[in-house]
Amino acid sequence: VVTLSEVLAHDAGHPHPEIRIRERTSWSCHHGVLRWSGECPDAPDGRWKGPLRAALERLAGGIDTITEGLARDLPGLDDVWGSRNRYVDVVLGITNGDAFATAELGPGADRADGAARNRLLVLMEAQRWRLGMFASCGWFWDDPSRPETHHVLQAAARAVRLIDEHAGTNLERRLGADLALFESPALGIDGATIYRQAL
C-alpha cells in the first residue's frame, strides 16, 4: 500500500496514460450502480430508492427553475451556474459571502444594493444544499430510515426552505407529497414521515 504522493514521486517525469471511467460501474458494490436504483440483489427491498430519487430530482428541477428566474434580475450576474460552482470558495472558507457577492455582481452592485447581494447568497446556499441532497449514501443502504437517508433529506429541507422563504413558493409541500409515495421496508412508514423525523 502506497500513498498518492509516493506514486507521483516515483512516476515523476513519466506521465500516466489517460484513464477513463467505465460507465454504470461502482467502487462500492459489485453489482455496479444497481445498488442505487433498487435492483441490487444485496438489498432485500429497494423499491423505495426510485421514488426517493424522483422526489429529489423534481425538487431540484423546481429549485433550479426558481434560481434561474430570480438570478435574471440580479445586476451584473452573467452566469448563475458559474457562480454556483465558484461558491465552493465560500463553503471552504477561502472567501466570505460579501467578497463573493462583490466579485459575482460586479462593480455596479455596491454595498448599497443589499437586496441583490442577499438574494445571490440565498440562491447560492440553496444550490449548495440542493447538490448535497444527492449524496450517494442516501440510497446505498437497505432502508430509508437510516441516518444516511436522513442526511440527504436534511439537505433537501435546507434547500427547499431557503427557496420557499425567499421566493414565496410551496416546493416543500410538493416534496412531502412526492415522498409519501414510498415506504420504509423495515418500519412500514412513508417517506413523508421519514422526512419529518429526519428534521
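## A walk around the aromatic rings

Three aromatic pairs turn up here when ring centres within 6.5 Å are counted. Keep in mind that you have a predicted model open.

**Stop 1: Tyr87 and Phe100.** Select both side chains. Their ring centres are 5.2 Å apart and the planes meet at 75 degrees, over the 60 degrees needed, so this pair counts as edge-to-face. Now colour by secondary structure: tyrosine 87 is in the loop between α3 (80-86) and α4 (88-91), while phenylalanine 100 belongs to helix α5 (residues 97-105). The two are 13 residues apart, and the pair links distant parts of the chain. Turn on a surface, then ask: are tyrosine 87 and phenylalanine 100 buried or exposed? Both are buried.

**Stop 2: Phe134 and Trp139.** Here the planes are at 5 degrees and the centres 6.4 Å apart, so the rings are stacked. Phenylalanine 134 and tryptophan 139 are both buried. Stay on tryptophan 139 and add arginine 53 to the selection: the arginine lies over the face of the ring, 5.4 Å from the ring centre.

**Stop 3: Trp141 and Arg146.** Next, pick tryptophan 141. Over its ring sits the charged end of arginine 146, at 4.5 Å from the centre.

**Zoom out.** Switch to cartoon and you'll find ten helices and zero strands. The C-alpha atoms fill a box of roughly 60 × 55 × 25 Å along the principal axes. Of the 199 residues, 38% are buried. For a last look, show the surface: about 11500 Å² is accessible, with 54% of that belonging to carbon and sulfur atoms. Colour by charge too: the 22 positive and 28 negative charges have mean positions 3 Å apart.

How values were computed:
Residues numbered from 1 in each chain as written. Predicted model: local features only at pLDDT ≥ 70, side-chain atom pairs only at ≥ 80, totals over all residues. Heavy atoms only, no water. Phe/Tyr/Trp six-rings, centres within 6.5 Å; stacked < 30°, edge-to-face > 60°. Helix = DSSP H or I, 4+ residues; strand = E, 2+ residues; numbered from the N terminus. Buried < 20%, exposed > 50% of the residue type's maximum accessible area, 1.4 Å probe, protein only. Lys NZ or Arg CZ within 6 Å of the ring centre and 35° of its normal. Areas by Shrake-Rupley, 256 points an atom, 1.4 Å probe, with all protein chains shown as cover. Lys, Arg positive; Asp, Glu negative; His and termini not counted. Charge placed at Lys NZ, Arg CZ, Asp CG, Glu CD.
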